[in-house]
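Biologist: Hi! Could you walk me through this model?
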Amino acid sequence: MILAAITQSRAERVARAHPCPQCGEYSFKKLKVTRAGKEHQETLGEFWHVVRTCGVCGAHSELGLDAEGEIVYGG
């Protein structure tokens, strides 16, 4: 049972702790964390939606985090 969801700043730290899926680096030049849309919350259990751009290879990736900070999807 979840008492409270992680904060947006905690979600940013979780997102930075996972490497780029293309090159494996941890440096991101852009990182945007927003509340997940209603559809994603209901179907995937996503609470935070992360969009990031790698600072090394420029790859664009997205992560979905649940309320506890666990990754629900990534790509």
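Modeller: Happy to; here is a short tour of the sheet, the core and the aromatic rings. This is a predicted model, where local features need pLDDT of at least 70, side-chain atom pairs count only at pLDDT 80 or more, and totals for chains, interfaces and linings use all residues. Residues are numbered from 1 along each chain as its sequence is written, and side-chain values use heavy atoms, with hydrogens and water left out.

Biologist: Thanks! In what order do the strands of the sheet come?
Modeller: The order is β1-β2-β3-β4, in an open sheet of 4 strands with antiparallel pairing. Strands (E, at least two residues) and helices (H or I, at least four) are DSSP runs numbered from the N terminus, and two strands pair if DSSP finds at least two bridges between them.

Biologist: And which strands stand at the edges?
Modeller: β1 (28–35) and β4 (71–74); each has a single partner strand, so one side of each is left without a neighbour in the sheet.

Biologist: How many bridges join β1 to β2?
Modeller: There are 7, and Thr 34 stands opposite His 49 in β2.

Biologist: What about the link between β3 and β4?
Modeller: That is a hairpin with 5 residues between the strands, and Gly 69 in the turn has a positive phi of about 95 degrees. The two strands are joined by 3 bridges, with Leu 65 opposite Ile 71 in β4.

Biologist: Switching topic: which residues make up the largest nonpolar core?
Modeller: It has 11 residues, among them Ile 6, Val 14, Val 33, Val 50 and Leu 63. Such a core is a set of buried Ala, Val, Leu, Ile, Met, Phe, Trp, Tyr and Cys residues joined through side-chain atoms within 4.5 Å; buried means under 20% relative accessible area, with a 1.4 Å probe and protein chains only.

Biologist: Which element gives the most to this core?
Modeller: α1, with 3 residues.

Biologist: Cool. Now the aromatics: how are Phe 47 and Trp 48 arranged?
Modeller: They form an edge-to-face pair, 5.4 Å centre to centre with 80 degrees between the planes. Rings of Phe, Tyr and Trp (its six-membered ring) pair if their centres lie within 6.5 Å; planes under 30 degrees apart count as stacked, over 60 as edge-to-face and the rest as tilted.

Biologist: Are those two buried or exposed?
Modeller: Both Phe 47 and Trp 48 are buried.

Biologist: Last one: what sits over the ring of Trp 48?
Modeller: The charged end of Arg 35, 5.7 Å from the ring centre. The rule asks for NZ of Lys or CZ of Arg within 6 Å of the ring centre and within 35 degrees of the ring normal.

Terms used. Buried < 20%, exposed > 50% of the residue type's maximum accessible area, 1.4 Å probe, protein only.
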